[in-house]
Amino acid sequence: MIDFYTFGTFHGKRISIMLEETGLRYQVHKVDLATGEHKKADFLGINPSGRIPTIVDNDESNGLIVTQSAAILIYLAEKSGLFLPTERVAKTKVIEWLFFHATDISPSMFDSFFLKKRCEPAQPDAAGFLDQRIFELYQHFDNQLANNEFIGGNSYSIADIAIFPTITENETFFDAYPNIKRWYKQVGERDAVQLGMSIPN
Ligand SMILES: N[C@@H](CCC(=O)N[C@@H](CS)C(=O)NCC(=O)O)C(=O)O
């Protein structure tokens, strides 16, 4: 059984989708970021960086704690044997696009959101710079999907699961990126994706 600590943000949702996709047994613990629960001793005892998502795999001795959503996805893929190819070349492509999520698209999206919506005073020039970068990343993503059914190749993988929740709020842009639009619809129709996106409710 896996204990899954989360809140309703895109970093948490990629793990709830993965848990639903794999069918692994898990229990959700909502960590309320709005009330600062993630900075309290109980949660810091599990993840000293005070961040969600965090899992504790009680099937491992002493309970294995894993943080960082990309690392959690790899861990759950290897535990379940699903959504990460074992063949070297195919696996490398999935990891490459998983890093596209972890080091390019998700940080740029979060930073742009912060500069526009949370920063006082707002920083429109810096946000505009990041938005330009996001459009370039979307174009790169769209080009990849022009030649591949899924982001890491021809099979649905943890790279798709990683990116899907990150870009939901940009759905209005997708008319400019027809391949992303096709992929987004296809991935969004999966039962596990719909369920995962609603956790925690
Ligand atoms: N790189 C981390 C990012 C995790 C992260 O930033 N989580 C946010 C919620 S989306 C959080 O817990 N923030 C609390 C804080 O920074 O105080 C991952 O992919 O898991």
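What is the volume of the largest pocket? About 1000 Å³, as the second view shows. This is a predicted model, where local features need pLDDT of at least 70, side-chain atom pairs count only at pLDDT 80 or more, and totals for chains, interfaces and linings use all residues. Residues are numbered from 1 along each chain as its sequence is written, and side-chain values use heavy atoms, with hydrogens and water left out.

**View 1. Helix H3 and its cover.** H3 spans residues 69–80 (helices are DSSP runs of H or I, at least four residues; strands are E runs, at least two). Its end C-alpha atoms sit 16 Å apart, which agrees with the 16 Å expected for 12 residues (1.5 Å times one less than the number of residues). Among its buried residues are Ile-72, Leu-73 and Leu-76 (under 20% relative accessible area, 1.4 Å probe, protein chains only). Their cover includes strand E1 (2–6) and helix H4 (88–118). Right after H3 comes Gly-81, with a positive phi near 75°.

**View 2. The largest pocket.** A pocket here is an open set of points on a 1 Å grid where a 1.4 Å probe fits, with protein on both sides within 12 Å along at least five of seven lines; lining residues have an atom within 4 Å of a point. Of the 32 lining residues, Thr-9, Phe-10, His-11, Ile-52 and Phe-110 are closest to the centre. H4 gives the largest share, 8 residues.

**View 3. The second largest pocket.** Its lining includes Phe-10, Lys-116 and Asp-131. H4 again supplies the largest share, 5 residues.

Definitions and conventions:
Buried means under 20% relative accessible area, exposed over 50%, partly exposed in between (1.4 Å probe, protein chains only). Contact means heavy atoms within 4.5 Å. Grid points are joined across faces, edges and corners, and a volume is the space filled by probe spheres set on the points.
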